[in-house]
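I opened the model and kept notes as I went. The entries below follow the order in which I looked things up.

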Amino acid sequence: MTTTSTAPLDVAVIGAGFAGIGAAIRLRDRGITNFAVFERGDAVGGTWRDNTYPGAACDIPSRLYSYSFAPNPDWSHTYSGSGEILGYIDSMVAKSGIGPYIRLRHYVTGMEFDESTGTWEIAIEGSGEVRARAVVLASGPLTEPGYPDIPGIDSFAGHTIHSARWDHDYDFAGKRVAVIGTGASAVQIIPELVERAGSVKVFQRTPGWVLPRVNRRTGALAKELYRHVPGAQTLARQAWFYGHESVALGVVWNTPLTRVVELVGRAQLRRQVADPWLRRQLTPDFRAGCKRLLMTDDYYPALQRENCKLITWPIARIAPDGIRTAEGIEHRADCIVFATGFEVSKTGTPIPITGRDGRVLADEWRRGAFAYRSVAVSGYPNLFLTFGPNSGPGHNSALVYMESQIDYLVQAIGLILDRDLRMLEVRRDRQERYNAAIQRKLGATTWNSGCRSWYLTEDGFNATMYPGFATQYRNQLREVDLDDYTLVAAEPRIAPRVASVS
Ligand code: NAP
């Protein structure tokens, strides 16, 4: 491995979260070793490194929220907490031996394609430039904490904490805490906060659909079985996979099964909340699935604790000593917890990316991002995305989608290297046809049925979700179809490279 500007890397992977680590392992498995993973943080793990708020956990079963090529027989529960998931990522790095390929504290600030050499020039803050024949952009969509656009937000004189940048030194004992937001992060934080803080006020703008999440400890016997009979673990993963696939019928599309999902949500509300007024305040007014389902058994009970209060009046402004709601009440607070999600880049790019002929990807994505099968973009040869446009699942594990993307891009990069290509670029007509179909299909999904969510741009364009089953997503990425791409051979002046061992 080298980062001099004279000898290009075969591959630069940007980001060492789940996707970047998975890509690195699969590249190495394919015999590609001249690569580096550039990570701006000082540890691997991406969103699981950053989201350490109390109660942080995954609402997808761990046997499915993991890579099939790195099964873990030791998951302690059906659903794991963030610490255990981070431990899994660390153990993948250790077991696969990809540690030496990872360059921590390397902040990629932009990249530009040089058509004459068929390489990407990648700018790294404080370290100059690196060239690579192919790039895997694995920087992830949920990285930048998002703060609400509330007047006076900077005037608050107390302590503030964002869910994605938790302050573990802050002592909540006896404190008056205000939580803004009631999404997937908030419903995990609030049950922990009511245990620690003096009082908790939860500021809800939109109540979500809450469904039971039955979390069970994995017994020693089951772990032994998974350890010694790998087929048993594969079978368990498949069972979870197809179980989640069936849920798509009620969550992705608005069907009679959507009513069944809503019935389960209403039953959970009835079972856990006795007060009819509170129940009414917590009843969603949009189709289940339109926003992310909230899988928790602890949230409603936490809201009914003596020291907790749900506030449903809109926030008018944040003042130095607390939060003022629209009806004129001042809610004094010592600390505001912003569980308000992320700055998701749906209409730009996380870093400036300049492709062939000087085109700028952020300009092309100004009104909403698009790509071919979520992994490649016409005009940007040899660049591959993980968790790219329209690759989000609403009903299944993100890791299943990520694994398909990784296997696809490793195949594509293998082609570039084995055939000594200068450019492998997806055809624009294929990309346009693909996206027209995706947008048509999205029209029939619950996500586009009229609620506000981070899946949509301000204009209501859905650049985030994949409108189908995970099986369909996986199938479309099984093989790189060369008819979809334009292949340009390397100029004779570039010395032919020795093919990688596969
Ligand atoms: P989120 O889903 O975007 O929720 C943000 C919350 O903040 C919403 O309740 C939103 O209200 C509220 N909010 C935003 N601006 C506001 C304002 N100006 N005034 C009042 N409320 C405001 O963010 P998140 O909960 O961090 O979750 C983001 C994503 O992270 C999830 O969709 C999921 O993909 C991932 N996640 C996953 C897990 C897991 O278990 N796998 C756990 C946590 C997060 P509105 O609903 O009215 O917009």
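**Entry 1: the largest core.** Which residues touch the most other members of the largest nonpolar core? I looked these up in what is a predicted model. They are Phe18, Ile21, Tyr67, Met92 and Ile413, in a core of 70 residues. I then checked which element gives the largest share of this core: α11, with 13 residues. I also noted another core lying apart from it. That one has 32 residues, including Leu193 and Cys335.

**Entry 2: Phe18.** I listed the contacts of Phe18, leaving aside neighbours within four places in sequence. Trp48, Tyr65, Tyr67 and Tyr88 are among them. So are Ile85, Ile89 and Met92. Leu399 and Met402 complete the list.

**Entry 3: the second largest pocket.** How much space lies in the second largest pocket? I read about 480 Å³. The lining has 24 residues, and the closest to the pocket centre are Tyr67, Ser68, Arg237, Glu403 and Arg474. Two elements give two or more residues to the lining: α6 (230–251) and α11 (398–418). Helix α6 gives the largest share, six residues. By type, I noted ten nonpolar, eight polar and six charged residues in the lining. Tyr67 appears here and also in my core entry.

**Entry 4: Arg237.** I went on to Arg237, which sits in helix α6. Is Arg237 buried or exposed? Its relative accessibility is 13%, under the 20% cut-off, so Arg237 counts as buried. I looked for a polar partner of its side chain. A polar atom of the Arg237 side chain lies 2.8 Å from the backbone oxygen of Ser66. Beyond four places in sequence, I found Arg237 in contact with Arg63, Leu64, Ser66, Tyr67 and Ser68, as well as Val400 and Glu403. Tyr67, Ser68 and Glu403 are also among the residues closest to the pocket centre.

**Entry 5: helix α4.** How many of the residues of α4 are buried? I read eight of eleven, so this helix, residues 186–196, is mostly covered. The buried ones are Ala186, Val187, Gln188, Ile189, Ile190, Pro191, Leu193 and Val194. I followed their packing next. The strands they pack against are β8 (176–180), β9 (199–203), β11 (294–295), β12 (308–311) and β16 (335–338). Helix α9 (299–303) is also on the list. Leu193, buried in α4, is a member of the 32-residue core.

**Entry 6: phi angles.** I scanned the backbone next. Most residues other than glycine have a negative phi. Ser374 is not a glycine, yet its phi is positive, about 75°. I placed Ser374 in the loop between α10 (361–364) and β18 (383–385). With a relative accessible area of 1%, Ser374 is buried. Phe387 is not a glycine either, and its phi is positive at about 50°. The loop between β18 and α11 holds Phe387. Its relative accessible area is 26%, so I logged Phe387 as partly exposed.

**Entry 7: Gln405.** Which residues does Gln405 contact, beyond its neighbours within four places in sequence? Ser374 and Phe387 are both among them. I also listed Val375, Leu385, Thr386, Ser391, Tyr473 and Leu477. Gln405 lies in helix α11. At 1% relative accessibility, Gln405 counts as buried. I closed the notebook on Gln405 in contact with Ser374 and Phe387, whose phi values are about 75° and about 50°.

Key
Residues numbered from 1 in each chain as written. Predicted model: local features only at pLDDT ≥ 70, side-chain atom pairs only at ≥ 80, totals over all residues. Heavy atoms only, no water. 1 Å grid on protein atoms, 1.4 Å probe; cavity = no way out; pocket = protein on both sides within 12 Å on 5 of 7 lines; lining within 4 Å. Points joined across faces, edges and corners; volume = space filled by probe spheres on them. Helix = DSSP H or I, 4+ residues; strand = E, 2+ residues; numbered from the N terminus. Nonpolar A, V, L, I, M, F, W, Y, C, P; charged D, E, K, R; others polar. Core = buried A, V, L, I, M, F, W, Y, C linked by side-chain atoms within 4.5 Å. Buried < 20%, exposed > 50% of the residue type's maximum accessible area, 1.4 Å probe, protein only. Contact = heavy atoms within 4.5 Å. Polar contact = N/O pair within 3.5 Å; in protein donor to acceptor, adjacent residues only side chain to side chain.
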